[in-house]
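Here's a quick briefing to read with the viewer open. Take a look at the model first, then work through the topics below in whatever order suits you.

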Amino acid sequence: MLRLQPSVAGDVSVFFLVLGVILLVLLFGEILVRRFSSNAFIIRKVLHLSLGVLGFCMPFLFYGNRYPLLLAAFFLVFNLISFRSVLFRVLHDRQRDDEEAMLPGYGPVLVPLVFVVQALFFWGDARWIMQTGMLVMGVGDAMAALVGSSLRGRHIEKLTKSRKTVEGSLAMLATSFVLLACSLFFFRSGFSGSLGAVSTIELLALAFLLSLLVTAVEAILSYGLDNLFIPVSIAYILYLLSTNPAVDVNGFLLGGLFAFLLSILSLKLKFLDNSGATATFLLGTTIFGIGGLEWTVPLLTFYILSSVLSKLGTKKKARFDLVFEKGSQRDAGQVFANGGIAWLIMIAYSLSGDPGFYFAYLGTLAAVQSDTWATEIGTMWSNPKARLITTMRQVPVGTSGGVSIPGTLGAFTGALLICASAIIMQIEWLYQFGLLQSFLLIGFSGLLASLVDSFFGATIQAQYYDPVREKVTERTHSYNKDGTLVQNKLIKGYHRVNNDLVNTLCALSGSAMAYVFFRQL
């Protein structure tokens, strides 16, 4: 599908015209910032909005994608050089008008990059997918930033590193919905697949769900990464709805509604914080809405059972609250660490149809369930004996890398339940492979992956000494009785290797073992 489209003679003159206009606008913005002390943040967002509109108009200006790709490649290199040297302050100034320090933003580099990728994939009959994504990314994201900054609205706690406001997210939602609805109706005559048969109400509902998704993407991401993932997420969903007969609009809408309700309920029950609920909505909409029941039930089995288990035995597990890096209320990092690999596997399956990916999916869910159950049951059990997996010497329960008999049995049981949830759904691939073989494959993939988690926990995961309580902990900081912050000392492992990364490696190893064993057997 990656290809260069033929161009016509007029594309050359349009190329130099567009190139000259963009450079002049950039130069004018830089003069305003340097000579007249204009607000670089506002000018940058206006430029961002304009580039989104330009991305939408590219197929109307050029016949083929050769010169648009050349234009985007030029600014990809240009913006990268400017990012490293801060050549253009209007592009990379990291201070806002309220003197709030900004995180480094890769947005100016990612905008031409994502245009290159989408122009290679979609220029032709599906160019409307690229146009829609670029328009929403440019205009919607800019409006969210401008409204949130100007109104200085209510900060959304526990969401992401950069400051996000309720007002900014509402502006993103409203703007995205209007743009998506207008774009989908404008291009409706060229739809194919399940999109070609949707009613007006269904198309409006699809536009609203997509606007919710991109609002969540904008809210949860920092460093300008939303400039990449907003158009990519729109393109992925619209492409599948246009080409994959197994994915239909009504199923996607129902999946999105269910994911939204699950996220709100989990937030109310304090299973998740704001970032975790947002991540669950994104992950759930994709898996529930595109994967269907056969992919939904195993994920819900892990999520519900593990969430309930984390709330049981709270008195016995209270002594470990200051040992573990995070509590029972999961954040986005934990959601992606436990479900991110499953998410990617489902996406890979939706694009390829390889049944091996379903076994990999069950393997990764079995892995994270095994790891969760081993920890929860091991710490909840009365007087268990834990041993370090690398040396077998006895260690306190809750130590990273420690294993116990109750925890190991719990890990294997949890993995078997994941396979059982898929068998209940009467998945044909499992019956063809053999029910006993499926149980053994998924059960041992999950158990072995949990042991991999313990090995990494014992060797490379960061562990710190808490001078306040004189204990070993996974937390980087502690608090004195007066509330002052104390930095804990690293005594083992590496700073960057936290519990979320180890959980991700566990999930990855479970999926890899299940996939490889399935292929070999």
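Let's start on the outside: Leu436, Leu440, Phe444, Leu448, Val516, Phe517 and Leu521 make a nonpolar surface patch of about 670 Å². Two elements give two or more residues to that patch, namely helix H18 (435–459) and helix H19 (499–520). Keep in mind that this is a predicted model.

**The nonpolar patch**

- H18 is the top contributor to the nonpolar patch, giving 4 residues.
- Valine 516, one of the patch residues, belongs to helix H19.
- With a relative accessible area of 42%, valine 516 is partly exposed, since that label covers values between the 20% and 50% cut-offs.

**The largest pocket**

- If you're after open space, the largest pocket holds about 1,700 Å³.
- Its lining takes in 42 residues, and the ones nearest the pocket centre are Ile220, Leu221, Phe229, Phe336 and Trp343.
- Helix H5 (107–122), H8, H9, H11 and H14 are the elements that give two or more residues to this lining.
- Which of them supplies the largest share of the pocket lining? That's H14, with 9 residues.
- Sorted by character, the pocket lining comes out as 24 nonpolar, 12 polar and 6 charged residues.

**The enclosed cavity**

- Counting cavities of 30 Å³ or more gives 1.
- The largest cavity contains about 180 Å³ of space.
- There are 16 residues around the largest cavity, with Thr280, Leu283, Leu299, Tyr303 and Val335 lying nearest its centre.
- At least two lining residues each come from helix H10 (249–268), helix H11 (274–291), helix H12 (293–311) and helix H14 (332–352).
- H11 and H14 therefore turn up in both linings: they are among the elements listed for the largest cavity and among those listed for the largest pocket, with helices assigned as DSSP runs.
- By type, the cavity lining splits into 10 nonpolar, 5 polar and 1 charged.

**Salt bridges**

- How many salt bridges does the model have? The count comes to 3.
- As background, side chains of opposite charge can pair when their charged atoms come close.
- Arginine 34 pairs with glutamate 30, and their closest N and O atoms are 2.4 Å apart.
- Arginine 34 and glutamate 30 are about one helical turn apart, because they sit 4 residues from each other in helix H1.
- The two partners sit in unlike surroundings: arginine 34 is partly exposed at 42% relative accessibility, whereas glutamate 30 is buried at 7%.
- A second bridge joins the side chains of glutamate 218 and lysine 164, at 3.3 Å from N to O.
- Glutamate 218 is in helix H8 and lysine 164 is in the loop between helix H6 (127–151) and helix H7 (166–186), so this pair ties together parts that are 54 residues apart in sequence.
- Are glutamate 218 and lysine 164 buried or exposed? Both are buried.
- In the remaining bridge, the side chains of arginine 519 and aspartate 354 meet at 2.3 Å, N to O.
- Arginine 519 lies in helix H19 and aspartate 354 in the loop between H14 and helix H15 (356–380), so the two tie together parts 165 residues apart in sequence.
- Arginine 519 is partly exposed, with a relative accessible area of 44%, while aspartate 354 is buried at 15%.

**Backbone oddities**

- Most residues other than glycine have a negative phi, so the next two are worth a look.
- Serine 37 has a phi near 55 degrees, a positive value in a residue that isn't glycine.
- You'll find serine 37 in the loop between helix H1 (10–36) and helix H2 (40–61).
- At 65% relative accessibility, serine 37 counts as exposed, because the cut-off for that label is over 50%.
- Tyrosine 223 also isn't a glycine, yet its phi is positive at about 65 degrees.
- Tyrosine 223 is placed in the loop between helix H8 (200–220) and helix H9 (226–243).
- The relative accessible area of tyrosine 223 is 27%, which makes this residue partly exposed.

Conventions:
Residues numbered from 1 in each chain as written. Predicted model: local features only at pLDDT ≥ 70, side-chain atom pairs only at ≥ 80, totals over all residues. Heavy atoms only, no water. Buried < 20%, exposed > 50% of the residue type's maximum accessible area, 1.4 Å probe, protein only. Patch = residues over 30% accessible without salt bridge, like charges linked within 9 Å, V, L, I, M, F, W, Y side chains within 5 Å. Areas by Shrake-Rupley, 256 points an atom, 1.4 Å probe, with all protein chains shown as cover. Salt bridge = Lys/Arg side-chain N within 4 Å of Asp/Glu carboxyl O. 1 Å grid on protein atoms, 1.4 Å probe; cavity = no way out; pocket = protein on both sides within 12 Å on 5 of 7 lines; lining within 4 Å. Points joined across faces, edges and corners; volume = space filled by probe spheres on them. Nonpolar A, V, L, I, M, F, W, Y, C, P; charged D, E, K, R; others polar.
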